[in-house]
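Hi,

Here is the structure I said I would pass on. Have a look at it first, and my notes are underneath.

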Amino acid sequence: MTKLTIDTVENILFANKKLTLDKSILDRVEKSFQFLKEFSKNKIIYGVNTGFGPMAQYRIEEENTIQLQYNLIRSHCTGIGEPLTLEQIKAAIIARLNTLSLGYSGIHPSVLLLMQELVNRDILPVIYQHGSVGASGDLVQLAHLALTLIGEGEVFYKGELKSTKEVFELEKLKPIEVHIREGLSIMNGTSVMTGIGMVNLIKVNQLINLSITLSSMMNEIVQSFDDHYSQPLNEAKEHFGQRYVAEKMSEFLNDSKLVKKRADEMYQERTERIFEEKVQEYYSLRCVPQILGPIYDTWNAAKEVLENEINSASDNPIIDVENQTVHHGGNFHGDYVSLELDKLKLAVTRLSMLSERQLNYLVNPKINNILPPFVNLGMLGFNFGLQAAQFTATSTTAENQTLSTSMYVHSIPNNNDNQDIVSMGTNAATICAKVIDNTFEVLTVQSLAVTQAIEYLEIQDKLSSKGKRFYESIREIVPVFKEDEVIYPYLKKVKNELLNF
């Protein structure tokens with residue numbers, strides 16, 4: 001399990017695939033452990049027989065080196081705020097396990113075996129959102145993982161918060177025993193930000209597909225011309241993402257009876273002075289490949305970086321068995337992850353802005369000229385349609401715009417200035433996750449508006465086959481709104497549907 005991909009992580013997180021450790025991995029880790037055990041005798045090696053951070057100048061006597069690791073773990077369990085989600089926690093463990101499996105950490109193989117059990121049995125340490133500055137890795141959050149591995153602290157188990165000791169007794173698991181530097185090896189790396197980042201990537205891929213779906217259906221609702229997503233037009237630009245989105249829209253709308261061919265409508269002899277139908281649609285409909293294209297390209301770039309990171313050794317120091325030495329450096333620094341997740345966050349905010357503008361198109365009759373205000377299917381003036389739901393989408397989009405301030409450029413020196421420039425990568429990861437969740441909510445409101453518009457226009461049987469399937473999936477859980485009723489329970493149901501899209 002040394003080459004993880006986003007697909008592998010997704011299968012473990014969402015398809016209940018079990019994580020397995022090949023014997024070759026355990027052999028490699030054992031070699032690293034045995035080498036460090038011998039090499040560290042009579043040598044000064046950071047984190048083995050020295051203090052940590054700016055206190056690395058202090059030698060630790062041999063009789064205290066094991067207790068040093070326990071001191072490190074317990075002292076750094078200072079996380080606070082809301083816990084990470086179960087998916088994020090499991091992804092972080094997977095990321096850390098993969099890093100440790102590379103054989104650069106000098107740990108005992110028992111650490112990997114217990115981490116494997118945590119993942120496969122869904123015994124997940126409580127790890128909090130706040131605590132990491134993203135350099136020296138995710139020290140605080142990973143300390144909470146290490147605390148579970150030594151049999152202390154709390155875990156999520158079968159939907160409940162329980163003491164680790166109690167759960168280990170129930171599951172007949174034994175805590176790890178510290179041998180040399182297990183504490184530092186578990187804690188010193190970018191695995192929490194990377195794990196959260198992998199979950200973010202999985203969900204952003206869903207959002208992109210959802211936005212392509214809703215954007216295509218928007219074009220059906222307004223009966224737009226088909227040339228703005230055509231192959232010749234979009235291949236006139238050299239961007240892969242733009243071409244990808246246009247191709248997906250073309251596939252989606254291939255059997256639609258609503259979109260029009262420009263040659264049939266506009267390239268025939270016309271004599272009228274003013275055209276009733278729009279010659280070109282608003283940008284939020286016509287420029288979807290140009291807007292979603294860079295978002296898809298940003299997702300692809302982030303995917304490459306995070307897959308590289310999850311398959312990298314992010315420890316310090318690095319145990320080099322091949323060259324029989326130990327290297328001190330800064331592989332724990334999270335700049336790669338931080339920068340990519342900041343860019344991904346910007347892209348997702350842009351996606352929410354596109355959705356909000358498409359929603360506004362549907363609810364404003366002065367713009368669309370075919371639908372009642374707020375796609376209100378009741379009595380105008382007496383009923384309200386989706387008027388208030390638009391408030392929700394607009395305010396949530398505005399929050400995304402505010403949250404899109406970069407974490408990557410917000411380094412604050414700390415640790416007695418030992419950590420004088422840091423990545424804030426874990427903050428970037430958690431804020432990106434918040435923006436992603438917000439965007440699902442914006443697309444939830446748009447999904448309701450799209451289905452209401454289809455009801456009003458009575459075009460169900462003219463939709464593309466993919467559009468009709470999406471419409472029916474929403475209609476199964478949400479009734480047609482004519483009279484005013486409480487909508488928020490339906491919003492929750494639609495959001496859950498989209499999260500499983």
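Below is what I found, going from the whole chain to a few places in it.

Keep in mind that this is a predicted model. The protein has 501 residues, and 54% of them are buried. You will find 20 helices and seven strands in it. If you box in the C-alpha atoms along the principal axes, you get roughly 95 × 50 × 45 Å. Of the contacts with a separation of 6 or more, 78% are made by residues 24 or more positions apart.

**Two domains and the pocket**

The protein splits into domain 1 (6–188) and domain 2 (199–499). Their C-alpha centres are 36 Å apart. Across the divide, 41 residues of domain 1 are in contact with 40 residues of domain 2.

So where does the largest pocket lie? Domain 1 and domain 2 both contribute residues to its lining, so the pocket lies between them. It holds about 740 Å³ of space. The lining is made up of 35 residues, and those closest to the pocket's centre are Gly53, His76, Leu139, Asn415 and Gln419. If you sort the lining by class, there are 16 nonpolar, 18 polar and one charged residues.

Two helices are worth finding on screen here: H3 (65–75) and H6 (139–149) each supply at least two residues of that lining. H3 gives the most, with four residues.

**Helix H1 and the cavity**

Next, go to helix H1 (residues 6–14), where Ile6, Val9, Ile12 and Leu13 are buried. Looking down the axis of H1, these buried residues fall within an arc of 130 degrees, so they line one face of the helix. That fits the usual geometry: an α-helix has 3.6 residues a turn, so residues three or four places apart point the same way. What covers the buried residues of H1? The cover includes helix H4 (86–100), helix H5 (110–120), helix H9 (191–221) and helix H14 (288–310).

After H1 comes asparagine 16, which has a positive phi, near 60 degrees. Asn16 turns up again in the lining of the largest cavity, together with Ile12, Lys17, Lys18, Lys90, Val119, Asn120 and Asp122. The count of cavities of 30 Å³ or more comes to one, and the largest cavity has about 50 Å³ of space. Its lining has two nonpolar, two polar and four charged residues.

**Glutamate 281**

One last residue to click on is glutamate 281, in the loop between helix H12 (262–265) and helix H13 (283–286). Is glutamate 281 buried or exposed? Its relative accessible area is 10%, and the cut-off for buried is under 20%, so glutamate 281 counts as buried. Leaving out residues up to four places away in sequence, glutamate 281 touches Val222, Ser224, Arg286 and Tyr361. Histidine 228 is 53 residues from glutamate 281 in sequence, but the two are 9.4 Å apart in space, C-alpha to C-alpha.

If you only have a few minutes, start with the pocket between domain 1 and domain 2, then look at the buried face of H1 and at glutamate 281 in its loop.

Cheers

Definitions and conventions:
Residues numbered from 1 in each chain as written. Predicted model: local features only at pLDDT ≥ 70, side-chain atom pairs only at ≥ 80, totals over all residues. Heavy atoms only, no water. 1 Å grid on protein atoms, 1.4 Å probe; cavity = no way out; pocket = protein on both sides within 12 Å on 5 of 7 lines; lining within 4 Å. Points joined across faces, edges and corners; volume = space filled by probe spheres on them. Nonpolar A, V, L, I, M, F, W, Y, C, P; charged D, E, K, R; others polar. Domains from an automatic or database assignment. Buried < 20%, exposed > 50% of the residue type's maximum accessible area, 1.4 Å probe, protein only. Arc of directions from axis to C-beta. Contact = heavy atoms within 4.5 Å.
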